[in-house]
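Here is a short note for a colleague opening this entry. Please keep the structure in view while going through the points.

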Amino acid sequence: CAVIAAVAYMAYQYQTGPAVISTDDAYVDASLAQVTPQIDGTISKVSVQETQYVKRGDILVSLDPEDALLDVQAAKAAYEQARRRVWQDLANVSAAEANVLAKEAVVAQTKSQMQRRANISQSGAVSTEEVSNSRSAFDAAQYDLSIAKQQLAAQSAIVKDINLQNNPEISAAATVLQRAELRLRRTQIRAPMDGVVAQFHAQVGQQIALGASLMS
């Protein structure tokens, strides 16, 4: 009977299998990412909690954006001022070119008058004084033209090989604006990957420094 009972128990164990499987060398292989701010700031909002599942790009923590917003506004104003200054420089060149054309027309006109008076002066139709005055007007027109050309050269030198796309002043202002906008974006700390929040220790009102660990 004992032999029969033992055989029956062994047959039962074989059919049903063990209830629990255990091992001494099991482990979990998972990626771990530390969540740290890229700027200093004050936490204004915490959007997640411990053990919460998040997707890459989800907002985890928000920093107070007021300072960053002011920086963006100031950078935008400086950028627009730089653009207007360059536009004005370009407009000054156009105005100087128009002025040169006008002075050239005056020179041509006074030269024609001077020559006409000189030609008829022999007949006595015009006085010597009129001839002298016409020559003076021509000399004055030539002087005005030389001044206009100097002004054009000076204005052209300011904007030589420069336009709105490659102007160094505009480029510098654009870089400052881009940095300000980047700082504003960094007030929202986002999940770098899909996963579960762990080692969470971020609190509203907390002052945090660049690189401080907020969670994993």
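1. First, a cut-off. A residue is called buried under 20% relative accessible area and exposed over 50%; anything in between is partly exposed. Points 3, 6 and 7 lean on these words.

2. Please keep in mind that this is a predicted model. The values below are computed from it.

3. Start with the whole chain. It has four helices and six strands. Read from the N terminus, the order of elements is α-β-β-β-α-α-α-β-β-β. The chain has 216 residues, and 21% of them count as buried.

4. Next, the sheet. Which order do its strands take? Four strands form an open sheet in the order 4-3-1-6, and the pairing is antiparallel. Strand 4 (188-190) and strand 6 (207-208) are the edges. Each has a single partner strand, so one side of each lacks a neighbour in the sheet.

5. Now go through the pairs. Strand 1 (residues 41-46) runs antiparallel to strand 3 (residues 59-63), with three bridges between them. Two partners can be looked up here: I43 has L63 as its bridge partner in strand 3, and K45 has S62. Strand 1 also pairs with strand 6, again in the antiparallel sense, over two bridges. In that pair, G41 stands opposite I208 of strand 6.

6. Strand 3 deserves its own look. Is it mostly covered or mostly open? Mostly covered: four of its five residues are buried. Besides strand 1, strand 3 pairs with strand 4, antiparallel and over three bridges. S62 is a handy marker. It stands opposite Q188 in strand 4, and it is also the strand 3 bridge partner of K45.

7. Last, the surface. Which residues form the negative patch? They are D64, E66, D67 and D71. E66 lies in helix 2, which spans residues 66-120. Is E66 buried, partly exposed or exposed? Its relative accessibility is 48%, so E66 counts as partly exposed. The cut-off for exposed is over 50%.

8. A suggested route for a second look. Begin at the edge with strand 4 (188-190). Cross to strand 3 by way of Q188 and S62. Go on to strand 1 through S62 and K45. Finish at strand 6 with G41 and I208. That path follows the order 4-3-1-6.

Notes: Residues numbered from 1 in each chain as written. Predicted model: local features only at pLDDT ≥ 70, side-chain atom pairs only at ≥ 80, totals over all residues. Heavy atoms only, no water. Pairing = 2+ DSSP bridges. Patch = residues over 30% accessible without salt bridge, like charges linked within 9 Å, V, L, I, M, F, W, Y side chains within 5 Å. Areas by Shrake-Rupley, 256 points an atom, 1.4 Å probe, with all protein chains shown as cover. Salt bridge = Lys/Arg side-chain N within 4 Å of Asp/Glu carboxyl O. Lys, Arg positive; Asp, Glu negative; His and termini not counted. Charge placed at Lys NZ, Arg CZ, Asp CG, Glu CD. Buried < 20%, exposed > 50% of the residue type's maximum accessible area, 1.4 Å probe, protein only.
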